[in-house]
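Thanks for coming. I will go through the contacts between chains, one pair at a time, and then the sheet.

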There are 4 protein chains.
Amino acid sequence: MNRLGELWVLTTFGESHGAGIGCVLDGVPAGLRVDEEFLNLELSRRRPGQSLYSTPRKESDRVEILSGVMEGFTTGTPLAMFIPNENQKSSDYESIRSIFRPGHADFTYHYKYGLRDHRGGGRSSARETAARVAGGAVAKMFLKELGISIFSGVFQVGEHTSDVRDFAHARKSVVNALDPLMEELFKEEIEKARGAHDSIGGAIEVRAKGMPIGLGEPLYHKLDGALGGALMGLNAVKAVEIGEGLSAARLKGSENNDPLRLEGFKSNHAGGILGGISNGSELVARVYFKPTPSIFLPQETLNEEGDEVICALKGRHDPCVAIRGGVVCEALVALVLADMALLRLGNRLQDVKEFYGKGR
Amino acid sequence: MNRLGELWVLTTFGESHGAGIGCVLDGVPAGLRVDEEFLNLELSRRRPGQSLYSTPRKESDRVEILSGVMEGFTTGTPLAMFIPNENQKSSDYESIRSIFRPGHADFTYHYKYGLRDHRGGGRSSARETAARVAGGAVAKMFLKELGISIFSGVFQVGEHTSDVRDFAHARKSVVNALDPLMEELFKEEIEKARGAHDSIGGAIEVRAKGMPIGLGEPLYHKLDGALGGALMGLNAVKAVEIGEGLSAARLKGSENNDPLRLEGFKSNHAGGILGGISNGSELVARVYFKPTPSIFLPQETLNEEGDEVICALKGRHDPCVAIRGGVVCEALVALVLADMALLRLGNRLQDVKEFYGKGR
Amino acid sequence: MNRLGELWVLTTFGESHGAGIGCVLDGVPAGLRVDEEFLNLELSRRRPGQSLYSTPRKESDRVEILSGVMEGFTTGTPLAMFIPNENQKSSDYESIRSIFRPGHADFTYHYKYGLRDHRGGGRSSARETAARVAGGAVAKMFLKELGISIFSGVFQVGEHTSDVRDFAHARKSVVNALDPLMEELFKEEIEKARGAHDSIGGAIEVRAKGMPIGLGEPLYHKLDGALGGALMGLNAVKAVEIGEGLSAARLKGSENNDPLRLEGFKSNHAGGILGGISNGSELVARVYFKPTPSIFLPQETLNEEGDEVICALKGRHDPCVAIRGGVVCEALVALVLADMALLRLGNRLQDVKEFYGKGR
Amino acid sequence: MNRLGELWVLTTFGESHGAGIGCVLDGVPAGLRVDEEFLNLELSRRRPGQSLYSTPRKESDRVEILSGVMEGFTTGTPLAMFIPNENQKSSDYESIRSIFRPGHADFTYHYKYGLRDHRGGGRSSARETAARVAGGAVAKMFLKELGISIFSGVFQVGEHTSDVRDFAHARKSVVNALDPLMEELFKEEIEKARGAHDSIGGAIEVRAKGMPIGLGEPLYHKLDGALGGALMGLNAVKAVEIGEGLSAARLKGSENNDPLRLEGFKSNHAGGILGGISNGSELVARVYFKPTPSIFLPQETLNEEGDEVICALKGRHDPCVAIRGGVVCEALVALVLADMALLRLGNRLQDVKEFYGKGR
């Protein structure tokens with residue numbers, strides 16, 4: 001249950017305060033050039049400690065490839081990657097060892113497993129998402145070969161939201177803002193939350209360009225279903241939209257249907273998916289993050305002994321996880337698309353026959 | 001890829017205009033009493049043709065149990081169910097055989113599979129959801145034994161939305177309205193859409209009561225991830241929210257965290273899930289449906305030959321699929337919870353030892 | 001757990017004395033012509049009641065296709081098939097309702113599930129193998145398009161064994177004998193067992209011709225591993241060999257290695273598999289069946305109440321299940337190969353790029 | 001496809017001459033004490049270089065636990081283990097870089113993946129089995145808590161075979177011989193093969209004691225099917241028997257059926273499995289290994305360029321892989337049984353209800 005995908009399969013392991021985190025990527029076709037620079041670049045995009053707007057915790061997040069690559073190319077065997085933990089301050093957590101932090105997984109892990117790793121969330125820590133980014137980076141290398149690219153940005157922080165989608169700006173913005181004019185507002189909102197020892201929610205949009213027609217396996221492995229599952233399973237995510245999303249419920253059919261002409265679809269309310277299958281239009285998803293539960297205000301909670309206590313957290317946390325969430329969403333979309341691209345290969349007898357007709 | 005679940009596994013088959021639709025439910029524990037009356041009642045809740053507010057197409061939807069039940073109880077072997085198709089009007093579709101209906105899966109199925117069943121959507125037809133309802137009904141029987149119940153209702157039709165959650169009212173409302181005061185407005189909106197040969201979107205909320213702590217397998221089979229995947233994979237769904245959902249992005253951590261006291265959580269912004277695991281609070285999800293793509297206004301599209309054509313549909317369709325969508329969402333939630341309930345059993349060594357210590 | 005395969009997935013359902021047995025075949029590529037005559041021919045090869053050498057029980061075994069086929073071709077959606085049960089004599093079993101028949105699954109089903117279907121073995125009955133044959137027949141149609149064919153025959157009945165492999169003879173022999181000279185001996189042995197109210201073991205060889213190089217996914221979905229799992233999971237099978245099999249343990253490396261020349265491998269001790277992957281040589285497996293446990297001699301056993309009783313069976317049974325076992329083994333090999341053929345498609349980046357380069 | 005199991009899931013990675021090999025074990029219940037000494041002891045049993053009778057290649061095989069364990073106990077999260085490679089002599093393989101070694105996976109990996117790791121077999125090397133042993137060791141710790149233990153020994157080397165099953169002797173024998181009187185003969189046979197620059201086959205028996213009734217999920221995840229799949233998938237294995245095995249084909253039903261009395265089954269021809277489900281008797285399987293393909297005699301083969309060449313291997317290899325194969329078979333049996341033990345928990349409604357009735 002620590003596994004994502006059917007053919008392009010990511011298995012992750014590791015905790016925030018153990019030896020490290022890592023993943024095994026199974027199903028990567030042989031012959032893919034592994035660009036380690038790009039891999040580490042992607043990790044650096046997720047890495048905390050880079051600005052005032054994310055946690056000051058420093059993680060070097062340099063990945064070691066343990067298997068599956070020979071002389072720079074994948075061999076078709078499992079690609080294992082490991083990111084050692086550094087800069088661990090387990091002692092930060094000793095004082096709250098038995099306390100269930102509000103909004104965190106402490107309570108549920110305790111009752112589910114009977115014991116839990118109290119150090120920084122252990123397995124439930126967002127640190128694990130670095131393994132998703134590593135796996136997603138390899139998926140992106142693969143998708144690039146197929147002409148597919150993925151990008152994202154922040155369109156909402158707290159009450160401030162924008163319809164502008166300047167992905168090039170988001171890429172260089174310290175808060176990944178999609179709207180250059182909202183950048184300052186986003187920063188202020190985050191600083192305000194931090195200053196108040198509080199946190200703030202936010203939302204991102206993720207897109208994929210260069211989509212082929214036909215990705216997605218109906219009826220229970222549809223492209224939108226798989227994206228919904230992967231994105232909703234990400235820490236702090238409370239809502240996911242595809243294409244028109246929530247607003248589709250307000251529209252009439254005549255408004256929401258995308259007319260089709262020779263030059264392509266005239267609109268994209270569908271977000272690039274019809275009947276669970278990509279239609280060649282841009283893939284569009286939006287993901288909504290709750291405010292980080294780690295805040296420094298006193299909060300009512302229980303401890304493992306069943307006492308009502310007041311929780312006062314210390315440590316280093318993101319005031320707005322949505323900022324760093326975009327790159328993880330990109331990785332998840334990449335992993336889902338890579339899986340779907342492989343599943344797609346056997347849909348038609350004619351294609352299978354052509355393959356084997358070549359003498360394989 | 002026509003399969004949902006890991007241990008409680010639903011596999012469905014069938015098309016709207018073939019012999020019928022059906023499912024195989026694998027993993028149902030032995031000894032469950034199968035209430036056929038309830039099973040057919042659930043199907044009748046989904047069945048079209050019952051009011052002005054859904055399609056006038058009549059389907060009797062009486063289910064035949066083909067296997068897995070002996071003398072009224074499950075035997076632990078696969079439970080197969082079949083619902084023969086009746087009242088098929090394939091001729092309704094002959095005129096649009098080669099046309100890609102806007103907003104439908106025609107275009108994507110054609111390019112993915114090279115051929116497609118043009119009769120009423122074939123496999124992509126919402127008729128298949130009857131198989132989900134049948135499987136979900138058995139899941140509900142199982143969950144009832146564990147004290148879990150599931151219910152739903154419509155809170156939005158088009159622009160009209162309400163915060164009232166009267167699930168008892170929704171159960172008897174012909175449009176499943178959660179707010180008695182909105183009922184007329186919802187009806188009017190639907191009639192207006194129908195009158196204009198158009199359709200309208202809508203949204204439902206689904207809840208589960210009596211939730212135990214501990215359902216959900218982190219990190220890639222979390223309860224919210226699995227729900228997100230199952231619900232987003234349902235026909236016409238474009239957005240899914242858990243708990244606070246979209247609004248969580250607007251909140252501060254101090255507002256969104258649920259304080260915990262001896263008598264339980266003081267609020268439920270989390271929607272019953274922390275770290276992907278049920279926390280014992282009510283499970284709350286909201287699902288947003290696009291307007292039915294089948295409308296009777298002229299629309300621009302292509303046909304299989306690549307000509308630009310105007311599509312003018314005939315036939316019988318729901319003006320607002322959200323109305324009948326609630327019971328399908330209940331079924332999907334039931335299927336996911338049943339699966340999670342079985343997966344939960346092996347989480348702790350102590351529990352496993354107790355089981356085998358009994359002499360098994 | 002009633003499912004075989006990863007991409008080409010067979011799910012079966014049904015019991016010997018319920019409404020019928022059936023299967024859902026998921027993953028069949030679209031565009032395959034479904035030859036119903038061949039389908040029923042394969043089922044007739046498995047069908048009992050055709051000679052003195054198998055059970056006189058009559059089963060018509062005519063299959064109904066419930067979904068997945070339109071105008072004679074597969075559509076890429078689940079192909080469901082159903083074979084209604086006929087000629088059921090449940091009363092044959094009433095007298096042994098609470099008795100654990102030696103060598104049967106009665107004892108284990110009872111203690112595992114707490115209840116069981118006592119009528120003819122219920123789910124554990126060999127009747128379920130008709131569903132495998134139906135699924136396997138479709139797999140054979142698919143493999144035929146790729147140039148792969150599968151055949152089998154009996155080389156051992158009781159103590160009598162032969163090295164002759166005349167598969168053409170086996171196809172028309174009433175006992176599927178591979179050696180024309182052994183045919184009479186096999187018949188005599190079976191008649192002797194039947195005359196003594198006993199049964200007798202036997203063994204078959206199954207081969208696949210026209211194998212491409214590259215089928216089999218190392219390391220935990222190897223071709224030999226998958227075949228071993230599928231064949232050992234068949235009722236009454238107690239041993240499986242690949243290629244040289246058991247004898248390989250007696251050989252030296254210099255004897256067992258297959259030299260490779262330009263015209264191909266000079267021998268086939270490997271049975272067509274190296275490192276879990278097909279090497280292009282003929283696939284060779286042997287399967288050993290225990291004697292049918294259903295015998296008509298008095299046997300010591302217990303009943304559900306825990307009494308020591310003497311079991312005296314009545315009814316109609318195969319004196320030698322190996323005779324009809326060959327066609328089921330062919331079906332299982334076909335299902336495994338079809339699955340492997342689909343899994344093979346994504347092994348190399350170059351192939352995937354070519355596929356998508358075509359504009360999909 | 002580098003994954004074994006459904007709930008207790010082993011994923012392995014690594015090659016013989018890369019950074020190392022490892023595994024991720026998912027599904028281990030929380031609260032299991034991890035005995036690192038035992039873990040390393042098991043690895044040392046598999047380790048080569050310990051006697052004249054296995055390869056003189058030295059591997060220290062000390063395992064690092066990367067995740068999933070806190071303060072000595074499992075936490076319910078993925079348990080990752082890593083064994084760094086040492087003592088690599090890649091240069092040994094440079095001279096045969098483009099040559100397909102007879103009996104090895106070189107040929108099939110080359111044509112399947114288009115490129116391959118030529119250094120010591122890469123992924124197809126038996127070195128990977130250390131990861132299985134590591135995973136199996138944890139499974140043994142778990143099974144021990146349930147009262148199940150697993151052991152093995154060699155009963156055949158080349159032509160020499162024995163019916164004696166002295167598992168205590170095998171444990172301390174340098175060639176794991178089950179028959180003390182055959183020990184010298186086994187050694188001589190192995191030395192003879194080595195002296196002739198050749199290798200020799202062999203066979204082992206593996207058993208499990210303390211088996212509960214009910215392990216195994218019919219019909220496509222039966223205990224014998226799963227064992228057959230796991231064992232046949234092990235390097236060099238060409239045949240697998242359960243219980244009476246091959247000999248069952250020679251017997252009559254009256255000889256092969258196991259009579260059942262109050263004190264238990266009077267014989268164990270079934271090898272502890274009826275209808276794919278454990279019956280409480282000892283589990284008995286036999287596994288036949290081909291002679292190591294790595295021999296030092298000249299052999300005919302091709303190279304990647306398509307030339308007919310003579311292959312003359314150098315390096316360090318086991319003359320008889322069956323000797324070290326037993327411990328790997330034990331590990332595989334342990335992994336399968338651990339998986340089945342977890343799958344067993346949800347078979348009966350009564351058990352599930354009791355579990356949730358406790359307030360979970």
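How many residues of chain D are in contact with chain B, and how many of chain B with chain D? Before the answer, a caution: this is a predicted model. The numbers are 24 residues of chain D and 24 residues of chain B. On the chain D side, helix 10, residues 349-357, gives the largest share, with seven residues. By class, that side of chain D has 13 nonpolar, six polar and five charged residues.

Next, chains A and B. Here the contact involves 89 residues from chain A and 89 residues from chain B. The side of chain A that touches chain B divides into 37 nonpolar, 32 polar and 20 charged residues.

How are these two copies related? A turn of 180° with a shift of 0.0 Å along the axis lays chain A on chain B, with an RMSD of 0.0 Å. The two copies are therefore related as by a two-fold rotation axis. The same surface serves both copies, since 100% of the contact residues of chain A recur in chain B. Which residue of chain A comes closest to the rotation axis? That is A:Gly229, with its C-alpha at 1.8 Å.

Strand 11 of chain A, residues 237-242, is joined to strand 11 of chain B, also residues 237-242, by three bridges, and the two run antiparallel. One bridge pairs A:Glu241 with B:Ala239.

For the sheet, I move to chains C and D. Ten strands form an open sheet, with antiparallel pairing, in the order 9(C)-8(C)-10(C)-16(C)-11(C)-11(D)-16(D)-10(D)-8(D)-9(D). Which strands are at the edges? They are strand 9 of chain C and strand 9 of chain D, both residues 160-161, and each pairs on one side only.

Within chain C, five bridges hold strand 11, residues 237-242, to strand 16, residues 283-289, again antiparallel. In that pair, C:Val240 has C:Val287 as its bridge partner.

Two helices that pack on the sheet are worth showing. Helix 6 of chain C, residues 223-232, touches strand 11 and strand 16 of chain C as well as strand 11 of chain D. The direction of helix 6 makes about 160° with that of strand 11 of chain C. Helix 9 of chain D, residues 322-343, touches strand 8, strand 10 and strand 16 of chain D. For helix 9, the angle with the direction of strand 10 of chain D is about 35°.

That is what I have; questions, please.

Conventions:
Residues numbered from 1 in each chain as written. Chains lettered and ligands numbered in written order. Predicted model: local features only at pLDDT ≥ 70, side-chain atom pairs only at ≥ 80, totals over all residues. Contact = placed C-beta atoms within 7 Å. Nonpolar A, V, L, I, M, F, W, Y, C, P; charged D, E, K, R; others polar. Pairing = 2+ DSSP bridges. Helix = DSSP H or I, 4+ residues; strand = E, 2+ residues; numbered from the N terminus. Axes fitted to C-alpha atoms, helices over the stretch in contact; angles between N-to-C directions. Least-squares fit on C-alpha atoms with pLDDT ≥ 70 in both.
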